[in-house]
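This report addresses one buried side chain and the charged pairs of the chain. The structure is shown below.

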Amino acid sequence: MVQVVIQPAYGNPMARRHWALTLDQQVPFEEEHFRSGLTDSQFDSLIGLHPAGRTEFWGATPNHDKRMDTLQSGDVFLFTGQNRVRAVGEVGISFRNSVFANRMWAEDPKNGSFHNVYSLLNFQHVDIPYSEIWALPSFKTGDNFMGLRFLDAEKSTEILQGLRIESAVAAQQADQAELKVTEALASGKPLPTEAVRTTTTTYLKAATEVLVHRAEALLVQDYAATLNGVATSRFKTPDGGIADLLVATADTVEVIEAKRSSSRTYVRQALGQLLDYAPWAGQPVDRLTVLVPERPADSVVTYLHRYGVDCIFRATPGQYTRLEAPDEARAHLRERWLA
């Protein structure tokens with residue numbers, strides 16, 4: 001399970017100085033000034049995960065020791081400040097070392113060294129307003145996320161799904177688990193469950209890796225702006241799925257799932273999500289709709305219409321076109337949507 005942590009990191013002058021030193025630029029930890037502050041095991045772990053000898057770092061003071069001990073490689077940090085998520089990154093190597101920390105950052109006058117150090121993988125500058133988090137079912141409007149906050153499993157899942165954050169480390173661990181299953185099946189040997197769950201991390205950062213997918217969120221915002229003030233919301237299922245958009249008027253209740261591509265692969269995924277979400281909207285649903293950035297192929301539209309699902313695509317900036325499913329298909333399958 002990937003843990004999500006909200007880390008205020010830009011709200012005061014000290015935080016901004018630290019940001020400039022170790023997030024706006026990578027720390028060359030193999031250079032003598034930094035290397036001499038690391039133990040051999042810490043350096044070996046870092047160079048194994050960051051072979052270029054440099055990466056971004058952040059840290060926490062001793063009052064957070066207990067929670068910082070729970071960090072694992074692949075956990076996701078949201079770095080916040082000035083009412084926005086300003087960056088996102090995955091935990092690489094975490095350790096406790098005040099000497100190394102003090103060579104990167106000045107100590108906090110009240111709480112001391114930022115000795116709970118962690119390196120970052122896939123560090124990505126973003127610009128996500130708090131309102132996008134507030135729109136998620138388990139969060140409250142006006143929450144300014146003061147103080148380091150470790151989210152529980154339910155809220156972590158909401159953040160990852162709702163903000164479309166993909167953990168590359170978690171994906172690699174899943175690939176490793178699949179390899180173990182493949183090898184066991186090919187050899188005819190049993191595979192203990194724990195062997196599937198337990199994997200090592202040897203992830204190397206790729207320059208083209210994308211951690212946060214913003215296209216779908218921006219597509220939803222762009223489409224919602226065309227609804228002339230119609231109220232919209234989001235909801236979640238008992239299994240933690242998050243619907244992109246619930247549009248309820250006096251006449252129609254519609255669930256919309258957005259995808260960043262109009263290809264069949266993405267549309268097929270959206271259809272599955274809509275069928276999963278529809279029974280949990282809190283009210284009977286009249287329409288299910290896939291929202292995409294451009295018109296899909298005719299065969300893809302036919303595929304959606306077969307299940308009574310509409311398609312909306314961005315025709316021009318600020319203009320969207322709806323391809324309606326036949327009424328008889330929608331009426332025939334609506335009972336199954338809500339079953």
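## Gln273 and its surroundings

In this predicted model, Gln273 has a relative accessible area of 18%. Because burial is defined as a value under 20%, Gln273 counts as buried. The residue belongs to helix 11, which spans residues 264-277.

When residues up to four places away in sequence are set aside, Gln273 touches Glu257 and Lys259. With Lys259 there is also a side-chain to side-chain polar contact of 2.7 Å. Phe79, by comparison, is separated from Gln273 by 194 residues in sequence and by 29 Å between C-alpha atoms.

## A salt-bridge network

Both contact partners of Gln273, Glu257 and Lys259, take part in a network of salt bridges. The other members of this network are Arg164, Glu166, Glu216, Arg234, Asp244 and Arg260.

One pair within the network can be described in detail: the side chains of Arg260 and Glu166 form a salt bridge with an N to O distance of 3.9 Å. Arg260 is located in the loop between strand 9 (253-258) and helix 11, and Glu166 in the loop between helix 7 (153-162) and helix 8 (168-187), so the salt bridge ties together parts that lie 94 residues apart in sequence. Arg260 is partly exposed at 29% relative accessibility, and Glu166 is likewise partly exposed, at 42%.

## Salt bridges between distant segments

The count of salt bridges in the model comes to 24. Among them is the pair Asp69 and Arg96, whose side chains meet at 2.8 Å, N to O. This pair links distant parts of the chain, 27 residues apart: Asp69 sits in the loop between helix 4 (65-68) and strand 3 (76-81), and Arg96 in strand 4 (residues 84-96). Asp69 is exposed, with a relative accessible area of 54%, whereas Arg96 is partly exposed at 37%.

A further salt bridge joins the side chains of Arg214 and Glu132, with an N to O distance of 2.8 Å. Here the partners are 82 residues apart, with Arg214 in the loop between helix 9 (193-197) and helix 10 (215-224) and Glu132 in helix 6 (residues 130-134). Arg214 is buried at 16% relative accessibility, and Glu132 is buried at 11%.

Terms used
Residues numbered from 1 in each chain as written. Predicted model: local features only at pLDDT ≥ 70, side-chain atom pairs only at ≥ 80, totals over all residues. Heavy atoms only, no water. Helix = DSSP H or I, 4+ residues; strand = E, 2+ residues; numbered from the N terminus. Buried < 20%, exposed > 50% of the residue type's maximum accessible area, 1.4 Å probe, protein only. Contact = heavy atoms within 4.5 Å. Polar contact = N/O pair within 3.5 Å; in protein donor to acceptor, adjacent residues only side chain to side chain. Salt bridge = Lys/Arg side-chain N within 4 Å of Asp/Glu carboxyl O.
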